[in-house]
2 protein chains.
Amino acid sequence: MKASTAKQASSLHSAKSPAKAGVRRQPDLTRQQLLQCAFDEIHRSGFRAASLDAILESSGVTKGALYHHFGSKTALGYAVVDEIVRPWVEALWKPILEADNVIDAALRLCRELARERSEQALLYGCPFNNLINEMSPLDLGFRERLQQILHDWHEGIIGGVRRGQANGSVRSDVDAEQVSAIIISIAEGSVGLAKAKQSPEFFDAAMRGLEDYLESLRPPQPLG
Amino acid sequence: MKASTAKQASSLHSAKSPAKAGVRRQPDLTRQQLLQCAFDEIHRSGFRAASLDAILESSGVTKGALYHHFGSKTALGYAVVDEIVRPWVEALWKPILEADNVIDAALRLCRELARERSEQALLYGCPFNNLINEMSPLDLGFRERLQQILHDWHEGIIGGVRRGQANGSVRSDVDAEQVSAIIISIAEGSVGLAKAKQSPEFFDAAMRGLEDYLESLRPPQPLG
DNA sequence: GCAACGACATACTAGGCGGTATGTAATGGG
DNA sequence: CCCATTACATACCGCCTAGTATGTCGTTGC
């Protein structure tokens, strides 16, 4: 469930021979390549340090094309959040938001993340968390978008916990809002710190700790 | 317990009339002002986006002086970590590392942070966490320094938990390493996310959730 | 088939950045 | 009192950056 990396996006647009005559035009594909390469560059370097020239080179697209599709670097960043980051976050947490038993679903995700945590994630951290930390205080457009993603995520987990409390799979004496805040904080905090330690052990410890915490949310007497 | 902000550091070095004759020289003070203003600028903008000119202006120091005291922007950044960030982190967590009853000490810190969380923290987040997220993947010098701080912090809490397990103030069936990872992840994760939401409620929810978690670490039968 | 619009490509500009070269004044040991 | 060294101050440089101006070629409606 890692963010996919378009290593060689220039399948149609050659980076070396740009002005060839008779090349087919595929504006949608060009746009998508730009978004994907921009996402990768932003993930590696952060938004502000992301170089348009680097994005151009990795995507094999020229500056004129970029500014045809996106009005500015900021607009490109917004589009990356809207069209790449948001769907990615939503896909990751969808099983939890839909599950009847949130605890089981969250445990599955914990183990999945601990198992297939990619080098990318260990090296560069969570793209969503990175953008929050870098851009939220600086730019209103980023803040509003990231805030919305975070809000939906938070409310989704709260809803899941409440549903679990209603159907008896979650203890009734816990505060859904607090539980959600804890889960999200651990999720984002642990990847950031694992990035600092550059070693998966811390992340694994946090995931196992989160598993224990999730288990403690089950009602004392399961069913009878 | 917030990071202090030296708003007007130019008490001796005037920013407007720099070349006055007969000014006293206080290299240690100059250096300290540079460090403090650099810390503030880095806290606000991140290290890479931190402008030397901005640091120079806010501190009332000239570029010549800066490059006399620090060999490069990177060296200045390292010094900020060594001489400002590290002592600040250590002072914040010292009570927990020294306490006989870790849970009580941690609860006190939770409430203290929830009470006097500063606007600075809500706006710009935790300086330590910000630096980790920004610089750890990019620069070995930063990574090693931040890694060391995190390591000491982590090990300190692990030690505190084990001490608590030895003297009976912490349940013996929990894994100290996992508990420490959870606490640190929540601490750093929650401020980062609160920064995104720009509202203290999320942070408060996380802190209350952490309090509940800490309470759950107490042994079932207190003493008699 | 032609015109008009969309989709690029190339070359250029202005500004901010970290860093440096060089000058000069204060300071402290002999 | 002198002189070397420290502690600055000023002016400048080259680089990289986002952004723009302008030209040109595919594509499509009529």
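Which helices of chain A and chain B each supply at least two residues of the surface near DNA strand D? In this predicted model, the helices that do so are H2 (52–59) and H3 (63–69) of chain A, joined by H1 (27–45) and H3 (63–69) of chain B. The largest share belongs to H3(B), with 4 residues. Of the 25 residues around the strand, those that come nearest are Lys73(A), Pro27(B), Thr62(B), Gly64(B) and Ala65(B). By class, this surface divides into 9 nonpolar, 9 polar and 7 charged residues.

The two protein chains also touch each other, and 43 residues from chain A and 43 residues from chain B take part in the contact. On the side of chain B, two or more residues come from each of H6 (119–124), H7, H8 (140–167), H9 and H10 (200–215). Here H9(B) gives the most, with 16 residues. This side of chain B has 19 nonpolar, 15 polar and 9 charged residues.

A good place to look next is helix H7 (residues 127–135) of chain A. This helix is largely enclosed by the rest of the structure, because 9 of its 9 residues are buried; among them are Phe128(A), Leu131(A), Ile132(A) and Met135(A). Within chain A, the buried residues of H7(A) pack against H1 (27–45), H4 (73–98), H8 (140–167) and H9 (176–197). From chain B, their partners are H7 (127–135) and H9 (176–197).

As for confidence, chain A has a mean pLDDT of 89, and 88% of its residues reach 70 or more. Over residues 1–21 of chain A, however, the pLDDT is below 50, although this stretch has 33 contacts in the model beyond near neighbours in sequence.

Notes. Residues numbered from 1 in each chain as written. Chains lettered and ligands numbered in written order. Predicted model: local features only at pLDDT ≥ 70, side-chain atom pairs only at ≥ 80, totals over all residues. pLDDT = per-residue confidence, 0-100. Contact = placed C-beta atoms within 7 Å. Near = placed C-beta within 6 Å. Nonpolar A, V, L, I, M, F, W, Y, C, P; charged D, E, K, R; others polar. Buried ≥ 20, exposed ≤ 12 C-beta atoms within 10 Å, placed from the backbone.
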